[in-house]
Amino acid sequence: MVNTATAPARGTHIRASAVSHHFDLPAGPLPVLDGVDLDLAPGEFVALLGPSGCGKSTLLRLVAGLEPATQGHLTQDGAAITRPDPSRIVVFQDPTLFPWRTVRGNVSLGLQARGVLKAQRHRVDEALALVGLTEFAEAFPHQLSGGMAQRAALARALVNDPSLLVMDEPLGKLDSLTRLTMQGELVALWQRAGFSALLVTHDVEEALFMAQRVIVLSDRPARIVAELHNPLPYPRHRGDPALAALRHTALRHLGLDATW
Ligand code: ADP
Ligand code: MG
């Protein structure tokens, strides 16, 4: 459910119905997704949690419109998703900034590509402020820490004012302290900007700390094995006993009968 008290519902409605997908390999088809149904309400924050290699990134690529599903339907606000669109932005684990452009230059890319940079230059400053990089606008990527580079990549996404932010293990390469900080920052960004958020992670704590709903996937081919609702209000506290209970349930669904 969307927590309207924390997130303005100005995101987008994403629906995946009976989505199955395989890759054609020389040895034969490799099934990757098996009948996945996913419903993401406007402004909702959902995490996909599953073992490495189960098909999480593939599902995100289908939602982003980067490739068509072998079977099933994907829609955004009722319209079929057939290609990438600036309203659905993907942030990857690797920030992939252009090294020869400043932070501002990197963040400007989307507006420049659409020929609206001159008219909407103020949005670059807004996006930089949103991720706390105003003072580093003229820095080059090699001058940034890992966390700052990922913030710059987020600003580059947010400058397009997406209605869906798709994140593929966006914090996976960060050191653990930066990661914890960024988890809180991302949630705050989502609350302010109001986009729908779809986060892929294999980190149980991260999924439960950030999302309103956590969808647990099986080993490849990914099927939905459980759906956990996290009704805790934001900001959340990592020591909350309710989080510990949800963590236990999530681990059990991942096949880890946690006694620790
Ligand atoms: P996850 O993100 O959960 O780790 P992926 O969706 O990246 O998993 O990959 C799922 C499976 O599909 C893996 O076995 C991977 O090797 C395979 N795969 C992913 N992309 C391709 C591709 N373009 N061609 C062939 N196989 C792929
Ligand atoms: Mg992946």
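**Packing and backbone features of a predicted model**

Me: Against which elements do the buried residues of α4 pack?

Reply: In this predicted model, α4 spans residues 146-158; helices (H or I, at least four residues) and strands (E, at least two) are DSSP runs, numbered from the N terminus. The buried residues (under 20% relative accessible area, with over 50% exposed and partly exposed in between; 1.4 Å probe, protein chains only) have their contacts, meaning heavy atoms within 4.5 Å, with strands and helices alike. Their partners are β6 (88-91), α2, α3 (117-130), β7 (164-168) and α5 (176-193).

Me: How many of the 13 residues of α4 are buried?

Reply: The buried residues of α4 include Gly-147, Met-148, Leu-154 and Leu-158. Arg-151 and Arg-156 are also among them. Helix α4 is largely enclosed by the rest of the structure, because the number of its 13 residues that are buried is 12.

Me: On what basis is the model described?

Reply: Residues are numbered from 1 along each chain as its sequence is written, and chains are lettered from A and ligands numbered from 1 in the order in which they are written. Side-chain values use heavy atoms, without hydrogens or water, while local features need pLDDT of at least 70, side-chain atom pairs count only at pLDDT 80 or more, and totals for chains, interfaces and linings use all residues of what is a predicted model.

Me: How are α2 and α4 oriented to each other?

Reply: Helix α2 (residues 103-113) packs on α4 with the axes 7 Å apart and at an angle of about 30 degrees, taken from 0 to 180 degrees between N-to-C directions of lines fitted to C-alpha atoms over the stretch in contact. Angles under 35 degrees count as roughly parallel, over 145 as roughly antiparallel, 65 to 115 as roughly perpendicular and the rest as oblique. The two helices are therefore roughly parallel.

Me: Which residues of α4 make the contact with α2?

Reply: From α2, the contact is made by Val-103, Asn-106, Val-107 and Leu-109. On the other side, the residues of α4 are Ala-152, Ala-155 and Arg-156.

Me: Is α2 oblique or parallel to α3?

Reply: The axes of α2 and α3 come within 9 Å and cross at roughly 130 degrees. Val-103, Arg-104 and Leu-111 are among the α2 residues in this contact, and Leu-117, Gln-120 and Val-124 are among those of α3. The crossing angle makes the orientation of α2 to α3 oblique.

Me: In which loop does the cis bond from Arg-220 to Pro-221 place its proline?

Reply: The peptide bond from Arg-220 to Pro-221 is cis, with omega near -5 degrees. Pro-221 lies in the loop between β9 (213-217) and β10 (224-229).

Me: Which residue is joined to Pro-235 by a cis peptide bond?

Reply: Pro-235 belongs to the loop between β10 and α7 (241-253). The cis bond there has an omega of about -5 degrees, and the partner of Pro-235 is Tyr-234.

Me: What is the relative accessible area of Ala-18?

Reply: Ala-18 is found in strand β1 (residues 14-25). Its phi is near 45 degrees, a positive value in a residue other than glycine. Ala-18 is partly exposed, with a relative accessible area of 44%.

Me: Is Asp-77 buried or exposed?

Reply: Asp-77 is not a glycine, yet has a positive phi of about 45 degrees. The loop between β4 (71-76) and β5 (79-80) holds Asp-77. With a relative accessible area of 53%, Asp-77 is exposed.
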